[in-house]
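Q: Could we go through this model together? I should like to begin with one of its helices.

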Amino acid sequence: METIEQKYAELGRILKDMDRVVVAFSGGVDSAFLLKAALEFLGPERVLAITADSETYPVREKDEAILLAKELNAPHEVIHTSELDIPGYAENPTNRCYFCKNSLFEHLIPIAEKKGYNHVIFGAIADDLGEHRPGLQAAHDQGVRAPLLEAGIKKSEIRHMSRQFGLRTWDKPSFACLSSRIPYGEAITALKLSMIDQAEDFLIQLGFRQVRVRQHENLARIEVPVADLAEILTVAETVHAKLKEIGYAYVTMDLKGYRSGSLNEVLSPEQQSVHAETV
């Protein structure tokens, strides 16, 4: 069984073999670690981080990515994309994430080619191999590499090494695009995404680090870890008033608490095995 040190050395070998890379950089735990490693093994002159700013990407996450890239002294660009312009995306099919990642890579690959980078890489990890994920299929179709996955590195190991390296993302809560808050089959609109962004940002400002606002038409279903349920109930009136102001007719708490991929729970086992994403 490989040690963390051996896996990191293998990551270095993979990156050095790539020579010059564009990193799809969201500012999350995995992409931040991947960018840090690329800078260490290749040097900033052979690395370019690119963040895609769109309707599905919270403003707070974009600002965080910009700040983090600056702290790492990484060459960094922010480009503007729109998932809602992708044919079929707004209809919110169960393989929605394929459309999103495919479009992202279609933006990044020409930039890499134009600027003389050999590969586009992104932060998929070994844990993602547990079941088929649409984003991984899009990467395969586009020839985009996932060095962390190739090196067999898991989320727990990324958090451990990130802490050792002084990355403040080491304990950052998991994040997925805002579209993942809307049940499959319900149309994705710019208004819904904006409402979700505002609602989650408000809850984060109140001090809840891991939060999801699942939007069911005009109803907001709030998920926080079970350990935080009692605390959020102490500010229930404030939360209710703010989310009503944002535009929700009803505001509810999910008593089961936050869990990754809760909107996949209504899918059949066959659908889950083919389309599930961690959201």
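A: Certainly. One term is needed beforehand: a residue is called buried when its relative accessible area is under 20%, exposed when that area is over 50%, and partly exposed in between. Please also bear in mind that this is a predicted model.

Q: Which residues are buried in helix 4?

A: The buried residues of helix 4 are Arg96, Cys97, Cys100, Asn102, Ser103, Leu104, Phe105, Leu108, Ile109, Ile111 and Ala112.

Q: And what covers the buried residues of helix 4?

A: The cover includes strand 1, strand 2, strand 3 (76–80), strand 4 (119–121) and helix 5 (134–142).

Q: How does the span of helix 4 agree with 1.5 Å a residue?

A: Helix 4 comprises 20 residues, 96–115, so a span of 28 Å is expected. Its end C-alpha atoms are 30 Å apart, in agreement with that value.

Q: What follows helix 4?

A: Glycine 116 follows helix 4, and its phi is positive, near 85 degrees.

Q: Turning to the interior, which residues of the largest nonpolar core touch the most other members?

A: Leu11 and Leu35 do, in a core of 34 residues. The elements contributing two or more residues to this core are helix 1 (4–18), strand 1 (21–24), helix 2 (29–42), strand 2 (47–53), helix 3 (59–71) and helix 7 (155–164). Helix 2 gives the most, with 10 residues.

Q: What does leucine 11 touch?

A: Setting aside residues up to four places away in sequence, leucine 11 touches Phe33, Ala37, Pro147, Leu148, Ala151 and Ile153. Apart from the core just described lies another, of 25 residues, with Cys100, Ile196, Phe202 and Leu229 among them.

Q: What about leucine 48: is it buried or exposed?

A: Leucine 48, which is found in strand 2, has a relative accessibility of 4% and therefore counts as buried. Leaving aside neighbours within four places in sequence, leucine 48 is in contact with Val21, Val22, Val23, Pro75, His76, Glu77, Lys115 and Tyr117.

Q: How many aromatic pairs are there?

A: The structure holds 6 aromatic pairs. One of them joins tyrosine 8 and phenylalanine 165 in a tilted arrangement, with 5.3 Å centre to centre and 55 degrees between the planes.

Q: Where do tyrosine 8 and phenylalanine 165 lie in the chain?

A: Tyrosine 8 belongs to helix 1, whereas phenylalanine 165 is in the loop between helix 7 and helix 8 (190–205). The pair thus links distant parts of the chain, 157 residues apart. Tyrosine 8 is buried, because its relative accessible area is 11%, while phenylalanine 165, at 29%, counts as partly exposed.

Q: What is the geometry of the pair of tyrosine 98 and phenylalanine 99?

A: That pair is edge-to-face, with 6.4 Å centre to centre and 85 degrees between the planes. Tyrosine 98 is partly exposed, at 23% relative accessible area; phenylalanine 99 is also partly exposed, at 24%.

Q: Which residues do ring pairs link into a cluster?

A: The cluster consists of Tyr8, Phe33, Phe41 and Phe165.

Q: One last topic: which ring does the charged end of arginine 20 sit over?

A: The charged end of arginine 20 sits over the ring of tyrosine 117, 4.4 Å from its centre. Arginine 163 lies over the face of tryptophan 170, at 4.2 Å from the ring centre.

Conventions: Residues numbered from 1 in each chain as written. Predicted model: local features only at pLDDT ≥ 70, side-chain atom pairs only at ≥ 80, totals over all residues. Heavy atoms only, no water. Core = buried A, V, L, I, M, F, W, Y, C linked by side-chain atoms within 4.5 Å. Buried < 20%, exposed > 50% of the residue type's maximum accessible area, 1.4 Å probe, protein only. Helix = DSSP H or I, 4+ residues; strand = E, 2+ residues; numbered from the N terminus. Contact = heavy atoms within 4.5 Å. Phe/Tyr/Trp six-rings, centres within 6.5 Å; stacked < 30°, edge-to-face > 60°. Lys NZ or Arg CZ within 6 Å of the ring centre and 35° of its normal. Expected span 1.5 Å × (residues − 1).
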